[in-house]
Amino acid sequence: MNFFIPVFEGADTASVLSSSAYFENFSGKAGEQVFYIDADGNRHYVLGLGNKKDGTSVIRAVRSFFYKQKARLKGKVTVKLTGEEMTGYVSEISQGIYLGQYEIGVLKNRNDRKPDWYDEAPGFAFGIPVAEAAILKGRYFAEAQMRIMKWGDAPGNYKTPQILAQWITEAGKQSGYGVEVYDAKACETLGMHALLGVGRGSRENPPLFCILKYSHPEARKTIGLVGKGVTFDTGGVSLKPGDNMNYMKSDMGGAAAVAGTIEMAAKLKLPVNLIGAIPITENCIDSYAIKPGDVIGSYSGKTIEVINTDAEGRLILADALSYITDHFKTDVLIDLATLTGNAIMALGYKAAALISPNDSLAGDLFSSGLSTGEKVWRMPHWDDYKDALKSDIADLKNLAGSPIGGAINAAKFLEEFTREHPAWAHLDIAGTAFADSDFGSMKSATGYGIRLLVDYLQKVQ
Ligand code: BES
Ligand code: ZN
Ligand code: ZN
């Protein structure tokens, strides 16, 4: 069975709608625009969803359509839904319409538009009575996603650690959550030696640590969210090869997902308490940079032998994880990070790697992944993988000897800094945070994680 979202522009759509033949001959693929009619100056579009009728497919199809047709769809748009079932997707359709206004070419000199990351959405209405709240929810999601997509797509020189911390602070002010920023000096006082170690290669743009807070008077649970905020990852002295290194501007996808989720919780007034911890740094090279073989300290007190400076994400997350467990009592602790190329080798770009010792938390995240389309797939968490972290000269090392099982080894490293939190989950979003899209010919930020985590928060609240 195929599903459609007809999108009509213009006043006189009644005659088209009444023609059932309009829908019967559809044989398009998911997200394809099956036909286009320009009758009496009114444009009528039918958007085919094929047999993929889930939230993500609806958002993707609508977003792609509105992005491609942006110039034509300037006036008032009426969205007519085929069948009862489609009325359950009002929020996703609204989200898709807003997301379609995203603009990636903001740094081009262009006279036809003001330099902004997104345009104003066209006025739109649904042909039937729908809940305003559903439309608004879609808009909130789109705004939070566009905000973090903009962060991910911004070049490294446009988002130094200081700038990213400032963006997070502004987002907090606008959306109703609190942000505390600890600069490098404060991090020194706190003893965040692993974060500072990674930041040593960037004296111009030193590291920072942000704590984000959202609370609700009726909250029964407190969830900790930790996100990797590497604003550019050169690999450090263990320099990455040049090919595609430019994509490493997106190495703060975890930080973005954490901020975006807290923004959504604040806007939807979800009855949970949230604590976000975001370590922010560049991973660059200068004469002060840490070198392979160096041993550094960490907030937890454990010493770490840095075998490879390109495995920097786990170092900065180590400090954030132990800081959050020391300062806040959290019922659940989830970290998100563009942590390993190995997660992409294993799962490609369609699912994030999930590693957790907690079966029920893993199950909840898995089902939220299925229902939002922001999928996760669980990998083993067993201690058999722990041996790979043994160092001869320090408490542990940041890289196993061989390049196998890398996503799991990285997670086992992080686990050492969670103070044995009983409900901890790690999401390696290296493949899902930055991917192909309609917005450009190269990969771009996806906004991955917000819908997944909001769905999860709605379940556990
Ligand atoms: N930021 C990278 C991981 C990554 C790779 C994210 C590709 C997105 C796309 C991470 O810091 C890294 O460099 N990981 C290394 C670890 C290696 C040195 C063990 C990797 O995965 O190659
Ligand atoms: Zn790296
Ligand atoms: Zn990295």
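**Stop 1: the first zinc ion**

Start by selecting the zinc ion labelled ligand 2: its site is irregular, with angles of 71 to 167° among six donor atoms. Bear in mind as you look around that this is a predicted model. Now show the side chains of Asp233, Asp310 and Glu312. Asp233 coordinates this zinc ion (ligand 2) through OD, Asp310 through both O and OD, and Glu312 through OE, at 2.0 to 2.2 Å. If you like to read a site as a sequence pattern, the donors of the zinc ion (ligand 2) have the spacing D-x76-D-x1-E along the chain.

Where do Asp233 and Glu312 sit in the fold? Colour by secondary structure and you will find Asp233 in strand 9 (residues 229–233), while Glu312 is in the loop between strand 12 (304–305) and helix 10 (313–327). The two residues are 79 apart in sequence, so the pair ties together distant stretches of the chain.

**Stop 2: the second zinc ion**

Next, select ligand 3. This zinc ion (ligand 3) lies 3.2 Å from the zinc ion (ligand 2), and Asp233 coordinates both. Which protein atoms are the donors of the zinc ion (ligand 3)? Display Lys228 (NZ), Asp233 (OD), Asp251 (OD) and Glu312 (OE), which lie 1.9 to 2.4 Å from the ion. Is the site of the zinc ion (ligand 3) octahedral or irregular? With six donor atoms and angles of 78 to 173° among them, the site is octahedral. Along the sequence, its donor residues follow K-x4-D-x17-D-x60-E.

Before leaving the metals, switch on a surface and look for Asp233 and Glu312. Are these two residues buried or exposed? Both Asp233 and Glu312 are buried. Asp233 has a relative accessibility of 2%, and for Glu312 the relative accessible area is 1%; buried means under 20%, so both values fall within that class.

**Stop 3: ligand 1**

Keep Asp233 and Glu312 on screen and add ligand 1. Asp233 has a polar side-chain atom 2.9 Å from an oxygen atom of ligand 1. Glu312 also places a polar side-chain atom 2.9 Å from an oxygen atom of this ligand. For a contact from the backbone, go to Thr338, where an N or O atom of the main chain is 3.4 Å from a nitrogen atom of ligand 1. How much of ligand 1 does the protein cover? On its own, ligand 1 has 510 Å² of accessible area, and the protein covers 78% of that.

Now widen the selection to the surrounding shell. Ligand 1 is surrounded by 15 residues, and the closest are Lys240, Asp310, Glu312, Gly341 and Leu399. Colour the shell by residue type and you should find six charged, five nonpolar and four polar residues.

**Stop 4: helix 4**

For a change of scene, select residues 90–99, which make up helix 4. Ten of its ten residues are buried, so helix 4 is largely enclosed by the rest of the structure. Click through the side chains and you will find a mix: among the buried residues are Val90, Ile93, Ile97 and Leu99, and also Ser91, Glu92 and Gln95.

**Stop 5: strand 13**

Move on to strand 13 (residues 332–337) and pick out Leu333. Leu333 is buried, with a relative accessible area of 0%. Now draw a distance from its C-alpha to that of Leu225: the two atoms are 6.0 Å apart in space, although the residues are 108 apart in sequence.

**Stop 6: three loop residues**

Finish in the loops, beginning with Asn244. This residue belongs to the loop between strand 9 and helix 9 (253–268). Check its backbone angles: Asn244 is not a glycine, yet its phi is positive, at about 65°.

Glu420 is another residue other than glycine with a positive phi, near 55°. Look for Glu420 in the loop between helix 13 (406–415) and strand 17 (424–428). Is Glu420 buried or exposed? At 73% relative accessibility, Glu420 counts as exposed.

The last selection is Lys390, in the loop between strand 15 (376–378) and strand 16 (396–397). Lys390 is exposed too, with a relative accessible area of 58%. Draw one more distance, from Lys390 to Ile304: 9.9 Å separates their C-alpha atoms, and 86 residues separate them along the chain.

Note on methods
Residues are numbered from 1 along each chain as its sequence is written. Chains are lettered from A and ligands numbered from 1 in the order in which they are written. This is a predicted model: local features need pLDDT of at least 70, side-chain atom pairs count only at pLDDT 80 or more; totals for chains, interfaces and linings use all residues. Side-chain values use heavy atoms; hydrogens and water are left out. A residue is near a molecule or strand if one of its heavy atoms lies within 4 Å of it. A polar contact is a pair of N or O atoms within 3.5 Å; within protein, one must be able to donate a hydrogen and the other to accept it, and residues adjacent in sequence count only if both atoms are side-chain atoms. Accessible areas come from the Shrake-Rupley method with a 1.4 Å probe; for residues, only the protein chains shown count as cover. Ala, Val, Leu, Ile, Met, Phe, Trp, Tyr, Cys and Pro count as nonpolar, Asp, Glu, Lys and Arg as charged, and the others, Gly among them, as polar. Donors are N, O and S atoms within 2.8 Å of the metal (3.2 Å for Na, K and Ca); water is not among the atoms, so sites may look incomplete. Four donors count as tetrahedral if all angles lie between 85 and 135 degrees; four count as square planar and six as octahedral if opposite donors are over 155 degrees apart and all others between 65 and 115; anything else is irregular. Helices (H or I, at least four residues) and strands (E, at least two) are DSSP runs, numbered from the N terminus. Buried means under 20% relative accessible area, exposed over 50%, partly exposed in between (1.4 Å probe, protein chains only).
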